[in-house]
Amino acid sequence: MSALRFSDTISAALADGVLVVTIDNAPVNALSADVRGGLMATLEHAEKDGAVAGVVLTGAGNSFIGGADIKEFGKPPVEPFLPDVISRIEAFPKPVVAAINGVALGGGLEVALACHRRLATPGAKLGLPEVKLGIVPGAGGTQRLPRLIGIAAAIDMIANGRVVPGAEALKLGIVDRVSSDTLLADAIADIKTINASSLCRTGLLLVPSATTEAIDRAAADALRKARGQRAPAEAVRLVRLAATAPLSEGLAEERRTFIELRDSDEAAALRHVFFAERAAGKVEGLETVAPRRIETIGIVGTGLMGSGIAVSALNGGYRVIGVEQTIEAADKGRERITGLLDKAVQSGRLDAAGREDRLGRLTVTADMPQLAQADIVIEAVFDDLTVKTELFQRLDTIVRADAILATNTSYLDPDLIAAATQRPARVVGLHFFSPAHIMRLLEVVNCKETAPDVLATALALAKRLGKLPIVSGVTEGFIGNSIFSAYRREAEYMVEDGALPQEIDAALEAYGFPMGPFAVFDMAGLEIAWARRKRQAATRNPSERYVAIPDWLCEAGRFGQKTGRGWYAYPDGKRTVDPEVTAMIEAARTEKGIVPKRFTADEIVSRLLKAMVDEGDALLSQGIAARASDIDLVMINGYGFPASKGGPMFAAGRR
Ligand code: 3H9
C-alpha cells in the first residue's frame with residue numbers, strides 16, 4: 001500500500017485497486033472543515049485516477065465519524081459544506097463503501113447513508129441523535145434514512161435520537177452487512193462485486209410503503225416524549241416529507257430547518273449541556289491519580305434509597321453486600337431489590353438472564369462483619385448525625401484499612417462523620433438522588449480530608465454506574481439543595497409579596513419545569529423541612545426574613561400530597577387550588593403589612609432565576625462548585641430545570 005495524504009485528517013492508501021480512506025480526527029473523527037475539505041480532495045483524486053476502482057471510507061481508532069463538529073456551530077460556516085460532500089459521494093461514478101468501525105452518528109451516519117454500500121461491526125453505534133442538541137439532521141438524514149428503513153422506523157430513530165448497534169442496523173436495513181474482525185477486507189472485497197453502472201444511490205430509492213397507522217403511532221409516540229420541544233416535531237415533519245416530496249425539495253427544506261434550529265436559543269442551551277457533561281467530573285490535578293479497583297460494594301440500609309443504589313451497583317457489574325439490622329429487614333431489603341429488577345424485566349429493560357446474573361452477585365444480610373470483603377461501603381441509613389457517626393465508627397472497625405466509606409447524606413456535614421473515624425482521608429460523600437437506580441445525577445462530595453485517590457475512585461465508580469458525577473465541596477445541602485433552598489426561599493417570599501402558588505407554578509411550568517415549586521413541595525412532603533426549621537429556630541438570625549406560611553400549613557396537618565392537602569388540596573388526587581390556603585396567605589401578608597403586588601410570569605421566572613444564580617455565584621466563590629456549568633447540570637438532572645434552557649447559570653447569562 002502506498003500512503004497518500006489529502007489533509008491533516010484524511011489519509012488514504014491503495015489496496016488491491018481500492019482507495020481505503022481513513023478519517024483521523026481525534027477524539028471522535030468529527031466532520032471538521034479539514035475533514036470535509038480532505039474528503040472532497042480525496043474524491044477528486046479517486047475520480048481522476050484510473051487505478052482506483054472504488055473507495056472505502058473508514059475511521060481511525062474506535063469511531064467511524066462522531067458527527068458534525070459541534071464546536072463549529074455558532075461560528076461562520078466554512079466550505080465545503082457537508083451536504084455538498086455527501087451529494088458528491090452519492091453521485092460518485094465509482095463505488096463508495098462505508099466500513100463503519102465504531103460510532104456513526106449525526107453527520108457521520110449521513111455520510112454513510114450516501115455511500116453505495118454499508119458494512120458495520122456488530123458493536124458499531126448508528127444514529128441521528130441531533131434532536132438531543134435541539135436540531136434536526138442537516139445533511140440528508142431525514143430524507144435518506146426513510147428511503148432505507150421506511151417512514152415509521154425513521155421517525156422512531158430520528159425524532160427520539162435513538163442510536164442502534166450494528167446488528168439492529170442490519171435488521172432495520174441501514175447496513176447491508178455486519179462484519180467484525182475482517183471489516184476492511186470485506187469492504188474491499190465488496191467493491192469488486194459492485195457493478196459501477198448500477199450503483200445503489202440511496203437518495204434515488206423509493207420510500208417503502210407503510211400503513212398510516214404505523215406512521216401516526218411512531219409520530220405520536222415521539223411527540224409525547226418530546227414534551228413540546230421543537231426539534232423532534234420538526235424531525236417528524238421532515239421524515240414525513242420524504243414520502244411526498246422529491247429528494248431535492250426534501251433536502252432543501254431539511255437544510256432550512258436545520259439552520260433555523262441550529263441558531264435557536266434551545267440548541268445553544270443543549271450544546272452548552274453537551275459540553276458541560278463532558279467537563280463534569282474533571283478535577284484539576286486528578287488526571288494523573290489512578291482510581292482504586294472496586295469489585296465489591298457494601299450498602300448499609302436497603303430501604304428506598306439503599307435498594308436503588310444496590311440495583312445501580314448490580315447494573316454496573318459489581319458484587320453487592322446489603323446490610324440490615326435484622327434478618328427480617330434483610331429479607332425485606334432483598335425483596336425490594338428483587339422487585340426493582342423484576343420491574344426492569346417487565347418493562348423490557350432487562351432480560352431474565354440479566355436478572356439472574358444480578359441476583360447471583362447480591363447478598364443481603366444482617367451480619368455486618370461481612371462488609372470486611374467490601375472495597376467501598378455506602379451508607380443509606382436515616383439522615384441523623386448520631387446514627388451516621390455511630391455507624392461509621394462501627395464500620396471503621398470492620399472494613400479493610402484501605403476500604404472507602406461513603407455517606408449518602410443530603411444535609412449533614414460529612415466532615416463531622418469522617419472525623420468520627422480513624423480514616424477521614426478514606427471518607428467521601430456520594431449523594432444519590434431518588435430513585436437511585438434511575439436518576440443520573442450523583443453529587444460526589446469532596447470532604448476536607450478526602451484523599452485524591454479516594455475522590456478519583458468515587459468518580460470512576462460513578463462513571464461505571466452510568467451516573468453523571470458532579471463534585472461538590474462541603475456546605476449544607478451541597479450544590480443542589482443549596483440552590484434549591486434559595487429557590488424555595490424566594491418562591492415563598494414571592495407568595496408573601498403577592499404571587500399565588502398556582503401563579504408561580506404555572507409560570508415555571510410554562511418555562512419548562514415538569515412541575516412548579518409548590519407542586520414539588522407537596523409531592524416531596526412538607527414535614528421534613530418543617531422539622532429542620534424547628535431545629536434551626538433557636539439559631540436563626542432574627543433579622544432575616546422568615547415566611548411562616550409553610551409552618552402554618554404543617555400545623556394544620558397539611559403535609560402535602562400524602563395527607564391529601566398541602567399548598568394545594570388533592571381531591572381524587574388532582575391538584576386543586578384551596579381557598580383555605582389563599583386565606584392563610586392573605587393573613588400572612590396582613591400580619592406583616594405587605595400590600596400585595598401583581599407579578600407577570602416573566603417577573604416570576606426572572607426573580608427565581610436570580611435567586612438561583614446568586615446562590616450559584618456564592619457556591620463558586622466559596623469553591624463549593626468548580627464551574628458554573630456543574631451547577632446547571634445539577635439543577636437539570638436533579639431538580640427538573642429544563643435542559644432546553646441550559647440550566648440557571650446559562651439561562652441567566654442569555655437573558
Ligand atoms: C450533526 O452531526 C449535524 C449534522 O446532521 C448536520 C451537519 C451539517 N463534535 O462523549 P465523550 C468530543 S450534530 C465535537 O466524552 P465517549 C467531546 O466534547 C452532531 N466534539 O466520549 C469530548 O471532548 P473532550 C451529531 C465532539 O466515548 C470528546 O469528544 N453527533 C463531538 O463517551 C469525547 O467525548 C452527536 O450528537 C462532536 N460531534 O462518547 C454525537 N462528539 O475530551 C455527540 C464528541 O475535550 N457525541 N466530541 O471533553 C457523542 O454522543 C459522544 O461524544 C460519542 C463518544 C458517543 C461520540
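**Entry 1: helix H21**

Which residues are exposed on the other side of H21? I opened the notebook with that one, keeping in mind that this is a predicted model. To talk about one side and the other, I began with what is covered. Helix H21 spans residues 527–536, and its buried residues are Ala 529, Trp 530, Arg 532 and Arg 533. These cover an arc of only 160° around the axis, so they sit on the same side of H21. On the other side I found Ile 528 and Arg 535, and both are exposed. I then looked up what the covered side packs against. The buried residues of H21 pack against helix H18 (478–497) and helix H22 (549–555).

**Entry 2: the sheet**

Next I turned to the strands. Seven of them form an open sheet, in the order E1-E2-E3-E4-E6-E8-E11, and the pairing is mixed. At the edges are strand E1 (3–5) and strand E11 (177–178), each of which pairs on one side only. A reminder to myself: strands of a sheet pair through backbone hydrogen bonds, either parallel or antiparallel. I followed the order from E2 to E8 and noted the sense of each pairing.

**Entry 3: strand E3 and its partners**

How many of the six residues of strand E3 are buried? I noted five, so far as burial goes, for the strand at residues 18–23, and that leaves E3 mostly covered.

I looked at E2 as one partner. Strand E2 (residues 10–15) pairs with E3 in the antiparallel sense over six bridges. Leu 14 has Leu 19 in E3 as its bridge partner, and Ile 10 stands opposite Ile 23 in E3. The two strands form a hairpin with two residues between them. I checked the turn as well: Asp 16 there has a positive phi of about 55°.

Then I looked at E4. Strand E4 (residues 54–59) pairs with E3 in the parallel sense, again with six bridges listed. Here Val 18 has Gly 54 in E4 as its bridge partner. I traced the connection too: E3, helix H1 (residues 33–48) and E4 make a right-handed β-α-β unit.

**Entry 4: strand E6**

Why is strand E6 largely enclosed by the rest of the structure? Five of the five residues of E6 (residues 96–100) are buried, and that is why I call it enclosed. In a regular strand the side chains alternate between the two faces of the sheet. I looked for that pattern here: Val 96, Ala 98 and Ile 100 point one way from E6, while Val 97 and Ala 99 point the other way, and all are buried.

I wrote down both partners. Three bridges join E4 to E6, and these strands run parallel; Val 55 has Val 96 in E6 as its bridge partner. Four bridges join E6 to strand E8 (residues 117–120), and these run parallel as well. Ala 98 stands opposite Arg 118 in E8.

**Entry 5: the ligand**

Which residues come nearest to the ligand? Of the 25 residues around it, I listed Ala 68, Gly 107, Glu 110, Glu 130 and Arg 278. I then went through polar side-chain atoms and the ligand's oxygen atoms. A polar side-chain atom of Glu 130 lies 2.5 Å from an oxygen atom of the ligand. For Glu 110 I noted 2.8 Å from a polar side-chain atom to a ligand oxygen. For Lys 282, a polar side-chain atom lies 3.0 Å from an oxygen atom of the ligand.

**Entry 6: Thr 421**

Is Thr 421 buried or exposed? I found Thr 421 in the loop between helix H16 (414–419) and strand E17 (427–432). Its relative accessible area is 5%, below the 20% cut-off, so I count Thr 421 as buried. Leaving aside neighbours within four places in sequence, Thr 421 is in contact with Phe 392, Asp 396, Leu 405 and Val 427. I also noted a backbone link: the backbone nitrogen of Arg 423 lies 3.1 Å from a polar atom of the Thr 421 side chain.

**Entry 7: Ser 606**

My last stop was helix H24 (residues 601–621), where Ser 606 is found. Ser 606 has 29% relative accessibility, so I put it down as partly exposed. I paired it with Arg 655: the two are 49 residues apart in sequence and 8.9 Å apart in space, C-alpha to C-alpha.

Technical notes: Residues numbered from 1 in each chain as written. Predicted model: local features only at pLDDT ≥ 70, side-chain atom pairs only at ≥ 80, totals over all residues. Heavy atoms only, no water. Buried < 20%, exposed > 50% of the residue type's maximum accessible area, 1.4 Å probe, protein only. Pairing = 2+ DSSP bridges. Right-handed = clockwise from strand over helix to strand, strands pointing away. Polar contact = N/O pair within 3.5 Å; in protein donor to acceptor, adjacent residues only side chain to side chain. Contact = heavy atoms within 4.5 Å. Arc of directions from axis to C-beta. Near = heavy atom within 4 Å.
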